[in-house]
Amino acid sequence: MKQRALRILWPAFLGAGVLEALVFAVVDPHDLRWFGGAPIEWGSTAIYSITFLIFWGGVATAGALTALLSLTAEDINGRDIAPLGHGSIPPRPPGAPPIPGDPA
(Lines give C-alpha, C1' and ligand atoms only; values in the text may rest on other atoms or scores of the structure.)
Protein backbone atom coordinates (compact mmCIF):
# COMPACT_ATOMS: atom_id res chain seq x y z
CA MET A 1 0.00 0.00 0.00
CA LYS A 2 2.85 2.36 0.87
CA GLN A 3 4.54 1.72 -2.48
CA ARG A 4 1.27 2.33 -4.32
CA ALA A 5 0.88 5.69 -2.58
CA LEU A 6 4.48 6.64 -3.37
CA ARG A 7 3.97 5.66 -7.03
CA ILE A 8 1.20 8.24 -7.14
CA LEU A 9 2.65 10.99 -4.93
CA TRP A 10 6.18 11.18 -6.37
CA PRO A 11 5.16 11.83 -10.02
CA ALA A 12 2.47 14.20 -8.73
CA PHE A 13 5.16 16.10 -6.81
CA LEU A 14 7.23 16.47 -9.97
CA GLY A 15 4.17 17.45 -12.01
CA ALA A 16 3.18 20.08 -9.46
CA GLY A 17 6.67 21.54 -9.61
CA VAL A 18 6.47 21.83 -13.39
CA LEU A 19 2.98 23.36 -13.21
CA GLU A 20 4.10 25.91 -10.66
CA ALA A 21 7.11 26.91 -12.74
CA LEU A 22 4.90 27.33 -15.81
CA VAL A 23 2.22 29.34 -14.00
CA PHE A 24 4.57 31.69 -12.17
CA ALA A 25 6.67 32.25 -15.28
CA VAL A 26 3.60 34.09 -16.59
CA VAL A 27 1.82 35.32 -13.42
CA ASP A 28 3.30 37.65 -10.80
CA PRO A 29 2.18 36.49 -7.32
CA HIS A 30 1.70 40.13 -6.22
CA ASP A 31 -0.87 40.69 -8.98
CA LEU A 32 -3.21 37.92 -7.72
CA ARG A 33 -6.64 38.92 -6.43
CA TRP A 34 -9.43 37.15 -4.53
CA PHE A 35 -11.89 36.35 -7.34
CA GLY A 36 -11.29 39.74 -8.94
CA GLY A 37 -11.71 41.67 -5.67
CA ALA A 38 -9.12 42.62 -3.08
CA PRO A 39 -5.48 41.71 -3.73
CA ILE A 40 -4.01 38.73 -1.91
CA GLU A 41 -1.73 40.24 0.71
CA TRP A 42 0.42 37.20 1.40
CA GLY A 43 4.15 36.99 0.89
CA SER A 44 5.52 35.43 -2.26
CA THR A 45 6.72 32.33 -0.40
CA ALA A 46 3.24 31.70 1.03
CA ILE A 47 1.61 32.07 -2.38
CA TYR A 48 4.17 29.74 -3.98
CA SER A 49 3.73 27.18 -1.19
CA ILE A 50 -0.07 27.15 -1.17
CA THR A 51 -0.21 27.04 -4.95
CA PHE A 52 2.24 24.13 -5.02
CA LEU A 53 0.15 22.18 -2.50
CA ILE A 54 -3.02 22.81 -4.52
CA PHE A 55 -1.30 21.63 -7.72
CA TRP A 56 0.17 18.61 -5.93
CA GLY A 57 -3.23 17.64 -4.55
CA GLY A 58 -4.89 18.00 -7.95
CA VAL A 59 -2.29 15.97 -9.82
CA ALA A 60 -2.22 13.32 -7.06
CA THR A 61 -6.00 13.02 -7.19
CA ALA A 62 -5.86 12.50 -10.95
CA GLY A 63 -3.15 9.86 -10.49
CA ALA A 64 -5.08 8.09 -7.74
CA LEU A 65 -8.23 7.98 -9.87
CA THR A 66 -6.21 6.59 -12.77
CA ALA A 67 -4.74 3.90 -10.52
CA LEU A 68 -8.19 3.05 -9.14
CA LEU A 69 -9.76 2.78 -12.58
CA SER A 70 -6.93 0.53 -13.81
CA LEU A 71 -7.62 -2.13 -11.16
CA THR A 72 -9.21 -5.39 -12.27
CA ALA A 73 -12.04 -7.14 -10.44
CA GLU A 74 -9.53 -9.63 -9.05
CA ASP A 75 -7.42 -6.79 -7.65
CA ILE A 76 -10.41 -5.20 -5.96
CA ASN A 77 -12.02 -8.34 -4.57
CA GLY A 78 -8.84 -10.26 -3.90
CA ARG A 79 -10.18 -13.43 -5.56
CA ASP A 80 -10.97 -14.85 -8.96
CA ILE A 81 -14.50 -14.07 -10.17
CA ALA A 82 -15.97 -15.98 -13.09
CA PRO A 83 -19.34 -15.30 -14.74
CA LEU A 84 -22.47 -17.24 -13.79
CA GLY A 85 -20.93 -18.97 -10.79
CA HIS A 86 -18.55 -21.19 -12.79
CA GLY A 87 -15.46 -19.77 -11.13
CA SER A 88 -13.42 -20.24 -8.04
CA ILE A 89 -15.47 -18.27 -5.53
CA PRO A 90 -15.14 -20.39 -2.40
CA PRO A 91 -18.28 -21.69 -0.71
CA ARG A 92 -19.37 -20.30 2.65
CA PRO A 93 -17.79 -22.08 5.58
CA PRO A 94 -20.00 -24.43 7.60
CA GLY A 95 -22.01 -22.62 10.22
CA ALA A 96 -21.77 -19.23 8.47
CA PRO A 97 -24.95 -17.17 8.68
CA PRO A 98 -27.09 -17.19 5.54
CA ILE A 99 -26.89 -14.30 3.11
CA PRO A 100 -30.30 -12.63 2.60
CA GLY A 101 -31.66 -13.42 -0.85
CA ASP A 102 -29.21 -16.30 -1.44
CA PRO A 103 -31.11 -19.31 -2.88
CA ALA A 104 -28.65 -21.80 -1.38
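A nonpolar patch joins side chains of Val, Leu, Ile, Met, Phe, Trp or Tyr within 5 Å of each other, drawn from residues with over 30% relative accessible area and no salt bridge; a salt bridge is a side-chain nitrogen of Lys or Arg within 4 Å of a carboxyl oxygen of Asp or Glu. Accessible areas come from the Shrake-Rupley method with a 1.4 Å probe, and for residues only the protein chains shown count as cover.

Before you start clicking, note that this is a predicted model, where local features need pLDDT of at least 70, side-chain atom pairs count only at pLDDT 80 or more, and totals for chains, interfaces and linings use all residues. Residues are numbered from 1 along each chain as its sequence is written, and side-chain values use heavy atoms, with hydrogens and water left out.

**Stop 1: the patch.** Select W34, F35, W42, I50, L53 and I54, which make a nonpolar surface patch of about 730 Å². Now keep W42 alone: this residue sits in the loop between α1 (2–26) and α2. Helices here are DSSP runs of H or I, at least four residues, numbered from the N terminus. W42 has a relative accessible area of 39% and is partly exposed, a class between buried (under 20%) and exposed (over 50%).

**Stop 2: along α1.** Select helix α1, whose end C-alpha atoms are 36 Å apart, in agreement with the 36 Å expected for 25 residues at 1.5 Å a residue. That expected span is 1.5 Å times one less than the number of residues. Next, colour I8, A12, A16, E20 and F24, the buried residues of α1. They pack against α2. An α-helix has 3.6 residues a turn, so residues three or four places apart point the same way.

**Stop 3: two links across the sequence.** Go to W10 in α1, which is exposed at 53% relative accessible area. Its C-alpha lies 8.7 Å from that of A60, 50 residues away in sequence. Then pick L14, also in α1 and partly exposed at 43%. The C-alpha atoms of L14 and W56 are 8.4 Å apart, with their positions 42 residues apart along the chain.

**Stop 4: E20 and T51.** How far from E20 is the nearest side chain of opposite charge? That side chain is R33, 19 Å away, and E20 is buried without a salt bridge; Lys and Arg count as positive, Asp and Glu as negative, with His and the chain ends not counted. Beyond its neighbours within four places in sequence, E20 contacts (heavy atoms within 4.5 Å) Y48, T51, F52 and F55. Finish on T51, in helix α2 (residues 44–69). T51 is buried because its relative accessibility is 15%, and it touches E20 and F24, leaving out residues up to four places away in sequence.

Terms used. Helices (H or I, at least four residues) and strands (E, at least two) are DSSP runs, numbered from the N terminus. Buried means under 20% relative accessible area, exposed over 50%, partly exposed in between (1.4 Å probe, protein chains only). Patches are made of residues with over 30% relative accessible area and no salt bridge: like charges are joined within 9 Å, nonpolar side chains (Val, Leu, Ile, Met, Phe, Trp, Tyr) within 5 Å.
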